[in-house]
Amino acid sequence: MAEAFQLYIDGAFCNAEASATFESLDPSEGKTWALMPKASAADTDRAVRAAYAAFNGGPWPAMTATARGKLLYKLAELVARDASIIAELETRDTGKVIRETKAVTGYVAEYYRYFAGLADKIEGATFPIDKPDMEVSTRREPLGVVAAIVPWNSQMFLTATKLGPALAAGNTVVIKASEDGPAPLLHFARLVHEAGFPAGVVNIITGFGADCGQVLTSHPLVARVAFTGGPETARHVVRNTAENFAVTTLELGGKSPVIVFDDANLDSALNGVIAGIWGATGQSCVAGSRLLIHASIHDEFVARLAKRAGEIKIGAPLDMATEMGPLATLKQVQRAEKLTAESIAAGAVLVTGGKAKKGAGYYFEPTILLAPTAELPCVREEFFGPVLSVLKFKTEEEAVALANGTAYAFAAGIFTQNLGRAHRLTKKIRAGVVWVNTYRAVSPIVPFGGNGYTGHGRESGMDAIRDYTRTKSIWINTSDVPMADPFVMR
Ligand code: NAD
């Protein structure tokens, strides 16, 4: 067994209550590779109380916004320094290929830099008020204890989009790493400690839904819940926050369309579709899992896609040459198998893939399903795996109707050379992010999030700061004349 991981609560590393642990599996082998601390309800409560104490007293609330920003810059440098270590831990614990975890972790440092820079730019306003002698202004204040909950995929990235704005704005945070693959965040706790954040400002725990997630999201001292995960869990989270009325944002799943018109640069579109569905083995919230393709180029494009699918290097995720690794859990493989079989039984045509690999590890083949109708399970439900559903369209209107024909509304890709059409579609498509002639591009500067079953709230950009602050309105009577007695008529 390799490393010993611990919880990080109130500025100290500790075991879970009664030293409880759970086994973390290496998805490329399906074998236990490390033991993780299993936070109990009492551990979770302790983390929240530490964050609450740090929000209300000690050095953190007295610190200037500029000083908070400097701590975030330091954290950014440490993330950049340890990017390779974190990437290897993430690859080991989640099966995400090393070429992706290295690239993403390196870029995560930019998120902390961006929010470090924003810390002292969170401004209020003054008003040309309609009452005499009044000076009225607003101030944006932090909310309090933030509960940040992330799923297994891209935990470093999904944490940065929450922790960065939360700390920049002066909140304190309890991060709950996913029980599937928490290693990168438990190492990240060491960097938070090294950066020198005051005790309790950032707490990092891991554990399961009932003991840890539920206690955290319903805790009376939690003011804000930032949740990324699946819609079913989100329903629990929303019910939990009925207890504490925490301000809540939800970043959930997707069934994002990539629309390829007959005038598109097909080489570029092919790469966009591949990046969208087989990058990260399809385990991406913005996976482009529905290809909507103009009927006139359907057969040629699908043939090229199928050829490329057959050439993808599938293998050990720690090997830099590997392009597609395993899924994170056995449950994910079983879900992909079940949805594929149900879709074929309902009329989908299998072009390539469709099977789990025999032997060790949670591998599933890159898969293409032709969908004669939009009612099939493969068109409606999120796989969170490498399965692409293909639908044909003939007109722009049909493409828009198909694109919008799902309860999710996260991302969309449009491949066309027609500028007017690109503009028209960016308006008509129901999504939080629309990419034209590109796919899966993200930046700390640009808001990120969806609508409908994808949830609500925006992470990254200035919008994120707004979600981690509240407005206080301040009225000052500047007149020397005392306030009139309200019960004396003039
Ligand atoms: P999940 O919903 O099962 O788990 C997410 C987190 O919620 C985990 O940390 C889990 O322990 C916790 N949790 C479980 N029960 C809870 C409860 N009762 N209360 C509070 N927390 C609880 O998600 P997953 O299966 O790990 O991840 C896959 C899902 O995440 C997919 O649907 C995917 O689309 C979504 N996702 C969304 C984004 C985004 O930015 N919108 C990014 C990545 C993943």
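**Questions on a predicted model and its ligand**

Q: Which backbone oxygen does the side chain of T101 reach at 3.3 Å, counting that of A87 and that of one further residue?
A: In this predicted model, the side chain of T101 reaches the backbone oxygen of A87 at 3.3 Å. The side chain of T101 also has a contact at 3.3 Å with a second backbone oxygen, that of I98.

Q: Is T101 buried or exposed?
A: T101 lies in helix 5. Its relative accessible area is 1%. The cut-off for buried is under 20%, so T101 counts as buried.

Q: How many residues does helix 5 give to the lining of the second largest pocket?
A: The second largest pocket holds about 430 Å³ of space. Its lining has 21 residues, with K96, V104, S154, R440 and V442 closest to the centre. Two elements give two or more residues to this lining, helix 5 (98-118) and helix 6 (155-168). Helix 5 gives the most, and its number is seven.

Q: Which class, nonpolar, polar or charged, has 13 residues in the lining of the second largest pocket?
A: In this lining the polar residues number four, and the charged residues also number four. The class with 13 residues is nonpolar.

Q: What is the distance from the side chain of K176 to an oxygen atom of the ligand?
A: The shell around the ligand has 29 residues, and the closest are E179, G230, T233, L252 and E382. K176 makes a polar contact with the ligand through an N or O atom of its side chain. The ligand atom in that pair is an oxygen, and the distance is 2.8 Å.

Q: How far is the polar side-chain atom of T233 from an oxygen atom of the ligand?
A: G229 meets an oxygen atom of the ligand with a backbone N or O atom, at 3.3 Å. T233 uses a polar atom of its side chain instead, and here the distance to a ligand oxygen is 2.5 Å.

Q: What share of the ligand's area does the protein bury?
A: On its own, the ligand would expose 850 Å². Of that area, the protein buries 89%.

Q: Which elements give two or more residues to the shell around the ligand?
A: The elements are two helices and a strand. By name they are helix 8 (209-218), strand 10 (222-228) and helix 9 (231-244).

Q: How many residues of the shell around the ligand are charged?
A: The shell includes 12 nonpolar residues and 13 polar ones. The charged residues number four.

Q: What separates the C-alpha atoms of G209 and E179 in space?
A: G209 lies in helix 8 and is partly exposed, at 42% relative accessible area. Along the chain, G209 and E179 are 30 residues apart. Their C-alpha atoms are separated by 8.6 Å.

Q: What is the volume of the largest cavity?
A: Rolling a probe the size of a water molecule over the atoms shows where empty space is left. The search of the whole structure finds three cavities of 30 Å³ or more. The volume of the largest is about 70 Å³.

Q: Which residues lie nearest the centre of the largest cavity?
A: The lining of this cavity has 13 residues. By class they divide into six nonpolar, five polar and two charged. Nearest the centre are A287, S289, E382, F383 and F384.

Q: Which residue has its backbone nitrogen 2.7 Å from a polar atom of the side chain of T367?
A: T367 lies in strand 15 (residues 367-370). T367 is buried, since its relative accessible area is 0%. The partner of its side chain, at 2.7 Å, is the backbone nitrogen of G354.

Q: How far apart in space are I9 and L221, C-alpha to C-alpha?
A: I9 belongs to strand 1 (residues 7-9) and is buried, with a relative accessible area of 2%. In sequence, I9 and L221 are 212 residues apart. In space, their C-alpha atoms are apart by 16 Å.

Q: Is T281 buried or exposed?
A: T281 has a positive phi, near 55°, and is a residue other than glycine. It sits in the loop between helix 10 (266-277) and strand 13 (290-294). With a relative accessible area of 3%, T281 is buried.

Q: What is the relative accessibility of N437?
A: N437 also has a positive phi, near 60°, in a residue other than glycine. Its place is in the loop between strand 19 (433-436) and strand 20 (451-452). N437 counts as partly exposed because its relative accessibility is 35%.

Note on methods: Residues are numbered from 1 along each chain as its sequence is written. This is a predicted model: local features need pLDDT of at least 70, side-chain atom pairs count only at pLDDT 80 or more; totals for chains, interfaces and linings use all residues. Side-chain values use heavy atoms; hydrogens and water are left out. A residue is near a molecule or strand if one of its heavy atoms lies within 4 Å of it. A polar contact is a pair of N or O atoms within 3.5 Å; within protein, one must be able to donate a hydrogen and the other to accept it, and residues adjacent in sequence count only if both atoms are side-chain atoms. Accessible areas come from the Shrake-Rupley method with a 1.4 Å probe; for residues, only the protein chains shown count as cover. Helices (H or I, at least four residues) and strands (E, at least two) are DSSP runs, numbered from the N terminus. Ala, Val, Leu, Ile, Met, Phe, Trp, Tyr, Cys and Pro count as nonpolar, Asp, Glu, Lys and Arg as charged, and the others, Gly among them, as polar. On a 1 Å grid over the protein atoms alone, a cavity is a set of points where a 1.4 Å probe fits but cannot get out, and a pocket is an open set with protein on both sides within 12 Å along at least five of seven lines; lining residues have an atom within 4 Å of a point. Grid points are joined across faces, edges and corners, and a volume is the space filled by probe spheres set on the points. Buried means under 20% relative accessible area, exposed over 50%, partly exposed in between (1.4 Å probe, protein chains only).
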